[in-house]
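Welcome to the tour, and please have your viewer ready. We will go from stop to stop, with something to select at each one.

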Amino acid sequence: MRIPVIAGNWKMHKTTEEARSLARAIRDGAAGATHCRIVLAPPFTALTTVVAEVKGTPILVAGQNVHWETKGAFTGEVSIPMLEEAGCRAVIIGHSERRQYFGETDETVNRKVLAAVKSSLTAIVCIGETLAEREAGRVHDVIEQQLAVGLAGLTDRDLSHIILAYEPVWAIGTGRTASPEIAQEVHRAIRDWLAREFGDEEARGIRILYGGSVKPENISDLMRQPDIDGALVGGACLEAESFLRIIRYNAAGAGGK
Ligand code: PEP
């Protein structure tokens, strides 16, 4: 059974005080929501504040990035033990903005993923093609390459520490969402690849989130797709009202898939 996940990536938004009030509003507005897991990924400086605000609730807090080493001379980086100590339960790895602006590659993603699966953190691993790659008909090649390198060396058991996020780069922050059918087609291909590499049972158990201009208006149609198990939300998670409407994608409360 795959319990859906709705995760909010706050990116470089929210001072500590702003983060406190957003986390509080989400916590209060989502009280009693059991149909999905909620994950909040604030900036590093606000992690402990957000953890304190959601303490005692099922809401999980995630880092937006992590280094694969536990400590060392890596100015500006944060390690897995640091995230764990701050109260994080998850970490986003390989977001397209990290790849695009900060030189992350499938190889560095893999080092981070291998470190994360040995820890208490769930790794939310992002993959997705650019517009040029889609227009060149290379979506499946690109996705398979990102999966093959990014997940290299993982065991079947390690997969249970992973959530995948399919985020077509052309849909992130652009207002241009993949149609539910396009997203479903890629999610299905990802699950088929996982089944070939790790086995049917593992592939059936892993959650694959969609990310890319998810909004209250499009979440329900996306969530109706059989292989879409939740969303990684950017812009629309910065206001409690819109993020809560996304969390309530199924007012009746859906179960897992
Ligand atoms: C993201 O940053 O992961 C994202 C999907 O952003 P947005 O929802 O703003 O497109």
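Start by selecting Ala240, Ser242, Phe243, Leu244, Ile246 and Ile247: these are the buried residues of helix α11. Keep in mind as you look around that this is a predicted model. Now widen the selection to residues 240-247, the whole of α11, and you have a helix that is mostly covered, with six of its eight residues buried.

What do the buried residues of α11 pack against? Add two helices to the view, α1 (16-29) and α10 (219-223), and then three strands, β1 (5-9), β2 (37-41) and β8 (230-233); the buried residues of α11 pack against these elements.

**The ligand**

Next, select the ligand and the residues around it. There are 14 of them, and those that come nearest are Lys11, Glu167, Gly173, Ser213 and Gly234. Colour this shell by class and you should find four nonpolar, eight polar and two charged residues.

Which distances are worth displaying here? Try these three:

- Lys11: an N or O atom of its side chain is 2.6 Å from an oxygen atom of the ligand.
- Glu167: here too the side chain provides the N or O atom, and a ligand oxygen is 2.7 Å from it.
- Ser213: this time look at the backbone, where a polar atom lies 2.7 Å from an oxygen atom of the ligand.

Switch on a surface while you are here: on its own the ligand has 290 Å² of accessible area, and the protein covers 96% of that.

**A loop stop**

Move on to Thr70, which you will find in the loop between β3 (60-63) and α3 (80-86). Which residues does Thr70 touch, once neighbours within four places in sequence are left aside? Show Ser79 and Pro81, for Thr70 is in contact with both. Then draw a C-alpha to C-alpha line from Thr70 to Val142: it spans 30 Å, for a pair 72 residues apart in sequence.

**The whole protein**

Finally, zoom out and select everything. In cartoon view, the protein has 11 helices and eight strands. Its radius of gyration is 17 Å, close to the 18 Å from the globule rule for 257 residues, so the protein is as compact as a globular protein of that length. Along the principal axes, the C-alpha atoms fill a box of roughly 50 × 45 × 35 Å.

Colour by burial next, and 54% of the 257 residues will show as buried. The protein exposes about 11,500 Å², with carbon and sulfur atoms supplying 51% of this area. For a last view, try a contact map: among contacts between residues at least 6 apart in sequence, 72% join residues at least 24 apart.

Note on methods:
Residues are numbered from 1 along each chain as its sequence is written. This is a predicted model: local features need pLDDT of at least 70, side-chain atom pairs count only at pLDDT 80 or more; totals for chains, interfaces and linings use all residues. Side-chain values use heavy atoms; hydrogens and water are left out. A residue is near a molecule or strand if one of its heavy atoms lies within 4 Å of it. A polar contact is a pair of N or O atoms within 3.5 Å; within protein, one must be able to donate a hydrogen and the other to accept it, and residues adjacent in sequence count only if both atoms are side-chain atoms. Accessible areas come from the Shrake-Rupley method with a 1.4 Å probe; for residues, only the protein chains shown count as cover. Ala, Val, Leu, Ile, Met, Phe, Trp, Tyr, Cys and Pro count as nonpolar, Asp, Glu, Lys and Arg as charged, and the others, Gly among them, as polar. Helices (H or I, at least four residues) and strands (E, at least two) are DSSP runs, numbered from the N terminus. The radius of gyration is taken over C-alpha atoms; the globule rule is 2.2 Å times the number of residues to the power 0.38. Buried means under 20% relative accessible area, exposed over 50%, partly exposed in between (1.4 Å probe, protein chains only). Contact means heavy atoms within 4.5 Å.
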